[in-house]
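Please read the following note alongside the sequence and the three-dimensional view. The points are numbered for ease of discussion.

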Amino acid sequence: MERSAVSVTELNNHIKDLLDADFFLSGVMVRGEISNYKLYPSGHHYFTLKDAESSLRCVMFKGNASKLRFTPESGMSVTAVGRVSVYPRDGAYQLYCTELLPLGMGDLHVAFEQLKEKLSKEGLFAPEHKKPLPKFPQTIAVITSSAGAAVRDIIRVLGKRWPMTKVVLLPVRVQGAEAPAEIAGALRYANRYKVGDLIITGRGGGSIEDLWAFNDERVARAIYESEIPVISAVGHEPDVTIADYVADLRAATPSNAAELAVPDVSEIRDGLDACRIRCSQAMGKRLSIAQSRVSDLASRRVMQDPVAYIDQKRQLLDSAANALQTRYERGVDTKKQQFVRLAASLDALSPIKVLSRGYALTTDSGGKAVCSVKDVARGDSISVTLADGRLSCTVDGLCEGSVL
Amino acid sequence: MANKKLSFEQSLERLSEIVKLLERGEAPLNESLKLFDEGTALIAACQQMLDDAEQKVIKLRKGDGGEPEELPFEEE
């Protein structure tokens, strides 16, 4: 019997028909680890699922892949849902994956961690990018739903704490597919038209799905790019969203955001009172210092009894004049006594006095005093002065030697 | 004297400056008295601002040209 050969295509199509007819293979869930994960420019995802012993080729087409809430990565444990069929061109069977779920954690959780890591690496959470908040905001732009507790809480707390701040609501949807684009759009709009000097964006608590808009990359980037400081206020205390990481300040709840945004009017009033007291005390002190300076000066004697002061000075002047007079007189006396003494000495030394005691002054013809016998020769004319006149003499003889 | 144009924040800043100057006590007496008067006027102005404050809440709508239009806010 001669067997007729089939073409490769016919064989592959036959096998494909067999597999496609299998009920189990038409909708299977399979567990494994992703490897060789590739995203093609076409938008289709190709990967291999494997466990310790086997591997399975998988493809996920663009339409299904676009619904993924996380980015599949090699090494990730997942559950893949789809149908098994043949790819006739390669003669290979593969899983046509329609859904991919991370194992262990929910897909949103994985998506959250992935976006968090990505934005963190890009520096969107960097503390140095955080802007300081105005102390006394003039206008706060509130980006949230116009319905619901969040907006009411924010307006109530702002009104109670600091009614001077104007509140401008930019109503947006805060959940559902449109929410991220609306929130991001409102953030940009508020910046473009400088609607306020502070933005609060958020919503009340809910499930992770309800809060999901605040884990959206578009919202995160709009917050990051905002030139107006942003306070995020999403859900309740334990819920932390990507928006919280990017925001300049994270509030635990919408009410808390309002508390953080503005000062408390009663604290400011207390501060004003304290200022008034400090001003008064400082002024009082300043005045009493001036006062005591004045009374100190006023109590000086010159101010108390100016005549006595002048009298005292006059007395001083008198005694000074007295002293001067005394000194002058004493000086004159001293000089007089000195003069008498000197006159007496002079008198004692006077040659007249000596002559009167019998001594004589001998001078030669030239009028020079003759002090030695050697000064004259026999026959010289000399003059001898006595106390009451003069003798003209001639030297008769010389006799050397002391006469006494 | 207090300048009416000062914002609340500017008033507070000036006020704390005045308190510091007064407490330092170095200014001449007439200067100190001027500072005291200015401080007292600023405190009164700030308190007046707080007394007069009434919260304004509006809702913004994107106008036809894209510019914001203010609408009264009513709770929904």
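1. In the antiparallel pairing of β12 (residues 381-386) with β13 of chain A, A:I382 stands opposite A:C393. These two strands are joined over 6 bridges. Strands are DSSP runs of E of at least two residues, and helices are runs of H or I of at least four, numbered from the N terminus; two strands pair if DSSP finds at least two bridges between them.

2. The open sheet has 3 strands in the order β11-β12-β13 of chain A, with antiparallel pairing. Its edge strands are β11 (361-363) and β13 (389-394), each of which pairs on one side only.

3. The model is predicted: local features need pLDDT of at least 70 and side-chain atom pairs count only at pLDDT 80 or more, while totals for chains, interfaces and linings use all residues. Residues are numbered from 1 along each chain as its sequence is written, and chains are lettered from A and ligands numbered from 1 in the order in which they are written.

4. Strand β6 of chain A (residues 139-144) is largely enclosed by the rest of the structure, because 5 of its 6 residues are buried. A residue is buried if 20 or more other C-beta atoms, placed from the backbone, lie within 10 Å of its own; it is exposed if 12 or fewer do, and partly exposed in between.

5. Strand β6(A) has parallel partners. With β7(A) (residues 166-171) it shares 6 bridges, and A:V142 stands opposite A:L169 there. With β8(A) (residues 198-203) it shares 4 bridges, and A:A141 stands opposite A:I199.

6. Strand β7(A) also runs parallel to β1(B), to which 3 bridges join it. In this pairing A:V168 stands opposite B:I58.

7. How many residues of chain B are in contact with chain A? There are 31, and they touch 31 residues of chain A; contact requires C-beta atoms, placed from the backbone, within 7 Å. The largest share of the chain B side, 10 residues, comes from α2(B).

8. Why does the length of α2(B) agree with expectation? Its 24 residues, at 1.5 Å a residue, should span 34 Å, and its end C-alpha atoms are 34 Å apart, so the two agree. The expected span is 1.5 Å times one less than the number of residues.

9. Among the buried residues of α2(B) are B:L35, B:F36, B:L42 and B:I43. The cover over the buried residues of this helix includes α10 (265-298) of chain A and α1 of chain B.

Definitions and conventions. Two residues are in contact if their C-beta atoms, placed from the backbone, lie within 7 Å.
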